Amino acid sequence: MESLKNNKLYNLFTGLLLIGFGCFRLYQHFNANPTLSSFRLAIAVAAIGYGIYALYNYTQLKKQD
């Protein structure tokens with residue numbers, strides 16, 4: 001069994017989920033009435049960054065097969 005770090009589907013779903021969460025939070029910050037605190041904004045940006053990294057890992061693992 002593959003470890004979670006090398007599992008292709010885990011990387012794909014994690015990346016999509018984190019990018020979706022981060023984009024939703026940024027959308028809330030810029031378009032909704034309640035603005036987010038700086039810490040929550042940093043968490044949203046970090047989630048998008050890690051999501052992009054997870055999708056990058058997914059593409060690299062897919063190329064190895």
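1. Helices here are DSSP runs of H or I covering at least four residues, and strands are runs of E covering at least two. On that basis the protein chain has two helices and zero strands. The model is a predicted one. Helix 1 takes in residues 8-31. Helix 2 takes in residues 38-64.

2. Overall figures for the protein chain come next. It has 65 residues, and 23% of them count as buried. The exposed area is about 5,000 Å². Carbon and sulfur atoms supply 64% of that area. Contacts between residues at least 6 apart in sequence are a further guide: 70% of them join residues at least 24 apart.

3. A44 deserves a look. This residue lies in helix 2. Its relative accessible area is 0%, so A44 is buried, the limit being under 20%. What does A44 contact, once neighbours within four places in sequence are left aside? The partners are G22, R25 and L26. The C-alpha atoms of A44 and I19 are 8.7 Å apart, with their positions 25 residues apart in sequence.

4. Two other C-alpha pairs can be checked in the same viewer session. G49, in helix 2, has its C-alpha atom 8.5 Å from that of L18. Those two residues are 31 apart along the chain. G49 is partly exposed, because its relative accessibility is 36%. R40 also has its place in helix 2. From R40 to R25 the C-alpha distance is 8.3 Å, at a sequence separation of 15 residues. R40 counts as partly exposed, because its relative accessible area is 48%.

5. T14 sits in helix 1. Is T14 buried or exposed? It is buried, because its relative accessible area of 17% falls under the 20% limit. The side chain of T14 has a polar atom 2.7 Å from the backbone oxygen of Y10.

6. Now the aromatic rings. How many aromatic pairs does a search of the whole structure find? One. The pair is formed by Y50 and Y53. A pair of aromatic rings is described by the distance of the centres and the angle of the planes. For Y50 and Y53 the centres are 5.9 Å apart and the planes make an angle of 45°. Stacked pairs have planes under 30 degrees apart and edge-to-face pairs over 60, so this one is tilted. Y50 and Y53 are three residues apart in helix 2, so about one helical turn separates them. Y50 is partly exposed, because its relative accessibility is 44%. Y53 is partly exposed too, because its relative accessible area is 43%.

7. Last, the surface. Which residues make the nonpolar surface patch of about 310 Å²? They are F21, F39 and I43. Of these, I43 is found in helix 2. Its relative accessibility is 39%, so I43 counts as partly exposed. Patch residues need over 30% relative accessible area, so I43 passes that cut-off.

8. To recap by helix. Residues discussed in helix 2 include I43, A44, G49 and R40. The tilted pair of Y50 and Y53 belongs to helix 2 as well. For helix 1, the residue discussed is T14. A44 and T14 are buried, whereas I43, G49 and R40 are partly exposed.

Definitions and conventions
Residues are numbered from 1 along each chain as its sequence is written. This is a predicted model: local features need pLDDT of at least 70, side-chain atom pairs count only at pLDDT 80 or more; totals for chains, interfaces and linings use all residues. Side-chain values use heavy atoms; hydrogens and water are left out. Patches are made of residues with over 30% relative accessible area and no salt bridge: like charges are joined within 9 Å, nonpolar side chains (Val, Leu, Ile, Met, Phe, Trp, Tyr) within 5 Å. Accessible areas come from the Shrake-Rupley method with a 1.4 Å probe; for residues, only the protein chains shown count as cover. A salt bridge is a side-chain nitrogen of Lys or Arg within 4 Å of a carboxyl oxygen of Asp or Glu. Buried means under 20% relative accessible area, exposed over 50%, partly exposed in between (1.4 Å probe, protein chains only). Contact means heavy atoms within 4.5 Å. A polar contact is a pair of N or O atoms within 3.5 Å; within protein, one must be able to donate a hydrogen and the other to accept it, and residues adjacent in sequence count only if both atoms are side-chain atoms. Rings of Phe, Tyr and Trp (its six-membered ring) pair if their centres lie within 6.5 Å; planes under 30 degrees apart count as stacked, over 60 as edge-to-face and the rest as tilted.
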